[in-house]
Every structure is written in C-alpha cells, then in structure tokens.
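Here is a short briefing on side-chain packing and pairing in one protein chain. Please look over the sequence and the model before reading on.

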Amino acid sequence: KQAIKNSVVKTMRYLLIVLSLFSLCQSREVTAQTGNDYSQKAPSRDGIGKVYMGREISHVMGFHGVAWLERESRSEEENTELTIANLPINKRSKVADVGAGSGFYTFRIADKVPEGKVYAVDIQQAALNYIENKAAKQDVDNVITVLGSEKSPNLPENSLDLVIMVDVYHELAFPKEMLQNIKKSLKPTGKLLLIEYRGEDPKVAIKPLHKMTVKQVKKELEANGFTLTTNGQFLNIQHFLIFEKAD
C-alpha cells in the first residue's frame, strides 16, 4: 500500500511539473502573439481576454447592430447636436470618423465641412457599403469611405485636422498601433477626439468594458504621444475628450 501511495504522489508531482511547463509555454506564446505591450487573461463575458495597460479590450460590435446605431432616440440620448456644435472644425476641415459604423456622425460632420472631406473608416465592408449607399441617395460628395485594419485606419499622412472615434476606442484590438498610425495622419495642429461612455458613473447603463474613465484614457493616450487639451463635461452620458500631439 505504501508503495502504491508513493507511486501516486510521484505521478501527481510529475503532472504538476508538466502543467507548469505547459502554462509557461502558453504564456510565452501569448507574449509572442500580442507583443510586450499586451498581456492575456481568461476572457470576461464581454471581453477578448487581451489586456492593454490594465484594461481588458472589449468585443467589437458587429454591423448587425446597425439598428442600435441608427435608433431614433440616439441623438437625444447622446446630445449629438451638441457634440457636432463643439467640434474643432471649419467648413474646409478634413476629418476622419474612425469606426464610422452606419455613418451616424459621418453625415452630420459632412454638413459642417462643405468645402472639406470626411473619411468614413471602418474594418467592416458592410458598414462602408451602407455609408456609400446612403451618400449616393443623399447626393453627398464629400464623404470618402476607407477600409481600415485592426492596426491602422489607412489614412493619408499629415493630412487631417480632426480624427474622431465615437464609442470605438475601447474596442480597438491594437490600440497602441492604431494610435501611432492616427498620429501620423494628423497635421501638426491636428486633434483626436474620443467620445466614450463614462466609466466613472455606475448610473450609465452600459456594460463596463464598453465604458472608459478619463484616468484610463489619459494613461493610454499619453503613453502614445498625446496630450489632453479639452475635457468637455457637457454630454449626458459620455466623455468629450480632445487630444493633441504632445510636444
């Protein structure tokens, strides 16, 4: 009996060693896949398990959610007109709406830049098709669709006055790479506007991974060469955060 017991103990120790080595290999594999700036964890219900600067990245909302993007109550809920009125643009500005979705903001911005351009960027071709059809129906000729990637919006360098992301940043699979490429696309005086649901406010009825705090946004943007210049607190449930390139 003692011999059998000793054998079982040795087997258990062996299995623990094998499991430890397996976990180490998995950890190294994740590091190789995601890079030193990212880590991996067990995915939460609404996350992808990939972590950037302490924040788990959320799932991307697919274009099947177009009805949510175009809901009649959205403008009132999000103070859309107030957002548009406070954009740092003029009639000649070149703007990019990254993660444009259905173009809810794209076309409202286009009205404000009749002599400029609006690049509607999305990684889903279905979204771009929707925007192109809408532009054709409304005879809008200053909206340009761009198929982006997970790492880049694929925008022309040193050409944009403003890049806007509305409830998009928290879904970026590669936030560092995307921010660096957005930075390249901005003119020296160009600005980046992030609109995100307020993570500090538990009364904002949005899933936690789809909200962000000002503290976390600043932490990530500053690490990528941006400085917060405007913290607008005039929206009902969202932050209005304007960043510029750091000196």
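The charged end of lysine 50 sits over the ring of phenylalanine 174, 3.4 Å from the ring centre. Lysine 50 also lies over the face of tyrosine 38, at 4.3 Å from that ring centre. The model is predicted. The points below start from these two rings, then turn to salt bridges and nonpolar cores.

**Aromatic rings**

- The structure holds 4 aromatic pairs.
- Tyrosine 38 and phenylalanine 174 make one of them, with an edge-to-face arrangement. Their centres are 6.0 Å apart, and the planes meet at 85°.
- Tyrosine 38 belongs to strand β1 (residues 38-40), while phenylalanine 174 is in the loop between β7 and α7, so this pair ties together parts 136 residues apart in sequence.
- Both rings count as buried: tyrosine 38 has a relative accessible area of 5%, and phenylalanine 174 has a relative accessibility of 14%.
- Phenylalanine 234 and phenylalanine 240 form a tilted pair. The centre-to-centre distance is 4.8 Å, with 50° between the planes.
- In that tilted pair, phenylalanine 234 is partly exposed at 28% relative accessible area. Phenylalanine 240 is buried, at 1%.
- Tyr52 joins Tyr38 and Phe174 in one aromatic cluster.

**Salt bridges**

- Side chains of opposite charge can pair when their charged atoms come close.
- The count comes to 13 salt bridges.
- Arginine 71 pairs with glutamate 77, with the closest N and O atoms 3.0 Å apart.
- Arginine 71 also meets glutamate 78 in a salt bridge, at 3.3 Å from N to O.
- How buried or exposed are these three residues? Arginine 71 is buried at 13% relative accessible area. Glutamate 78 is buried at 1%. Glutamate 77 is partly exposed at 34%.
- Arginine 108 forms a salt bridge with glutamate 81, and the closest N and O atoms are 3.6 Å apart.
- That bridge links distant parts of the chain. Arginine 108 lies in helix α5 (residues 106-112) and glutamate 81 in helix α4 (residues 80-85), 27 residues apart.
- Arginine 108 is partly exposed, with a relative accessible area of 27%.
- Shared partners join Arg71, Arg74, Glu77 and Glu78 into one salt-bridge network.

**Nonpolar cores**

- The largest nonpolar core has 30 residues. Met165, Tyr169, Leu192 and Leu221 have the most contacts inside it.
- Which elements give two or more residues to this core? The strands are β4 (94-98), β5 (117-122), β7 (160-166), β8 (186-198) and β11 (238-245). The helices are α7 (175-185) and α8 (214-222).
- Another core lies apart from that one. This other core has 23 residues, including Ile84, Phe107, Val118 and Val166.
- Methionine 165 touches Val98, Leu172 and Ile182, leaving aside residues up to four places away in sequence. Methionine 165 also touches Leu192, Leu193, Leu194 and Ile195.

How values were computed:
Residues are numbered from 1 along each chain as its sequence is written. This is a predicted model: local features need pLDDT of at least 70, side-chain atom pairs count only at pLDDT 80 or more; totals for chains, interfaces and linings use all residues. Side-chain values use heavy atoms; hydrogens and water are left out. A nonpolar core is a set of buried Ala, Val, Leu, Ile, Met, Phe, Trp, Tyr and Cys residues joined through side-chain atoms within 4.5 Å. Buried means under 20% relative accessible area, exposed over 50%, partly exposed in between (1.4 Å probe, protein chains only). Helices (H or I, at least four residues) and strands (E, at least two) are DSSP runs, numbered from the N terminus. Contact means heavy atoms within 4.5 Å. A salt bridge is a side-chain nitrogen of Lys or Arg within 4 Å of a carboxyl oxygen of Asp or Glu. Rings of Phe, Tyr and Trp (its six-membered ring) pair if their centres lie within 6.5 Å; planes under 30 degrees apart count as stacked, over 60 as edge-to-face and the rest as tilted. A charge sits over a ring if NZ of Lys or CZ of Arg is within 6 Å of the ring centre and within 35 degrees of the ring normal.
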